[in-house]
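User: Got a model I'd like to go through with you. Can we start with the fold and then look at the contacts?
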Amino acid sequence: MEWKLELILFVLLSVMAVFSAIMMVTRRSPINSAIFLIINFFASAGIYLLLQAQFIAVIQVLVYMGAIMVLVIFVIMLLNLQDESKLSEQFSYKKLTSLLLSVLLFCLLGFSVFFGFSGKFTSISGEAEKLGTAESLGKELVLAYSVPFEIAGLLLLAAVVGAVVLAKKSFD
Amino acid sequence: MLEGYIPIFIIIFISAAFAFLNINLSSLLGPNRPNKEKLSTYESGMEPIGTAHDRFSIKYYMVAVSFIVFDIEVVFLYPWAVSFLNFPKPEMIYSFVIGLIFIVVLAVGLIYEYKKGVLKWD
Amino acid sequence: MLEINYYLILSALLFSIGVLGVLVRRNAIIIFMSIELMLNAINISLVSFSSYLGEISGQIFVFMVLTVAAAEAAVGLAIIISLYRNKSTVNIDEINILKW
């Protein structure tokens, strides 16, 4: 019962994720791509829930869907790219090569996963449910990873300064 | 464990179905007899000029950037705050100092934005 | 229970679609979104390792990836905006001023 439920949810969510990813890459209008990317992030949040990482799932919805995609849609509206939908995106040998390359990459990754991990990790660890909570994450983040924590803060500071400097000119 | 999430999925499904249904139900049930006057943007007003797809001001972009950065700050501070009270005393002081440095570093970013006049609306 | 392979292959598939998007599309914003897709695929494999091994480090790495993604969104989109202001296009074939 448990196993069946997990399999059904996994198939449903991964079909949703892969379908929306393909639609995201193939749509012409950037705003449609952004909407499909949001659907993809939503499906990924469901996958994180299946993997017992509750806090990561909440963060996925909060940050990726709530903040990053809002910024992307803002920029699409800011630049008003409506008239650029035909951006010389025709079929060419370059595209065929790219398609072959990415299929090759997928085969490579898939084979290495298949031969490397088959039968090794067959079930989620029993502690996974306790690990995914905000409390255990906070303990690890503050005690064991305190320096990366501060460096993340510095990275965010650099992002603020960089964005202000780059977009400043249009204030004047 | 997975059964615990079933209510959440049901809530998501019901809310999505409710929104979808209510948007489409009115056009299904109501009479639909369009004419040129009814389809115009303002039925008895001025003729609209240009399209609605107008460019936004760059100021909205700066507000969205500030939102992203401080959103990530909250994402980091939330596990920090939850785990804080369960530490023994020395670890508690250590984690307090760590969190304080993090907040101060991001406060510098806020002060920089304020000084540059990004947050000013006139 | 499902094996870890299912999640890793899903992650590999999403990553390859992201690579395809970066290679094929010419619109800088869609390339940017494909990069976000690739980062998200990596997050899926990190979280699946974390919960199958019972080891929390993977989820901490997801935090770091998230920070990098947000910083990249802030600065990268600002770069796209200033490129658009200078060249009034987001087609990366026309942004070739550094090409030798």
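User: Read along the sequence, what pattern does chain A follow?
Analyst: This is a predicted model. Chain A reads α-α-α-α-α-α-α. That comes to seven helices and zero strands.

User: Is chain A a compact globule or more spread out?
Analyst: More spread out, because its radius of gyration is 21 Å, well over the 16 Å that the globule rule gives for 172 residues. The C-alpha atoms fill a box of roughly 55 × 40 × 30 Å along the principal axes.

User: What share of chain A counts as buried?
Analyst: 35% of the 172 residues. As for contacts in chain A with a separation of 6 or more, 57% come from residues 24 or more positions apart.

User: Switching to interfaces. How many residues do chain A and chain C each put into their contact?
Analyst: Chain A gives 75 residues and chain C gives 63 residues.

User: Which helix of chain A gives the most there?
Analyst: H4(A), with twelve residues. By class, the chain A side has 54 nonpolar, 16 polar and five charged residues.

User: And how many residues are in the contact of chain C with chain B?
Analyst: Six residues from chain C and five residues from chain B. The chain C side has five nonpolar, one polar and no charged residues.

User: One residue to finish. Where does B:Phe96 lie?
Analyst: In helix H4 of chain B, residues 89-115. The C-alpha atoms of B:Phe96 and B:Phe84 are separated by 7.8 Å, and the two are twelve residues apart along the chain.

User: Why does B:Phe96 count as partly exposed?
Analyst: Because B:Phe96 has 14 C-beta neighbours inside 10 Å. Buried takes 20 or more, and exposed takes 12 or fewer.

Definitions and conventions: Residues are numbered from 1 along each chain as its sequence is written. Chains are lettered from A and ligands numbered from 1 in the order in which they are written. This is a predicted model: local features need pLDDT of at least 70, side-chain atom pairs count only at pLDDT 80 or more; totals for chains, interfaces and linings use all residues. Helices (H or I, at least four residues) and strands (E, at least two) are DSSP runs, numbered from the N terminus. Two residues are in contact if their C-beta atoms, placed from the backbone, lie within 7 Å. Ala, Val, Leu, Ile, Met, Phe, Trp, Tyr, Cys and Pro count as nonpolar, Asp, Glu, Lys and Arg as charged, and the others, Gly among them, as polar. The radius of gyration is taken over C-alpha atoms; the globule rule is 2.2 Å times the number of residues to the power 0.38.
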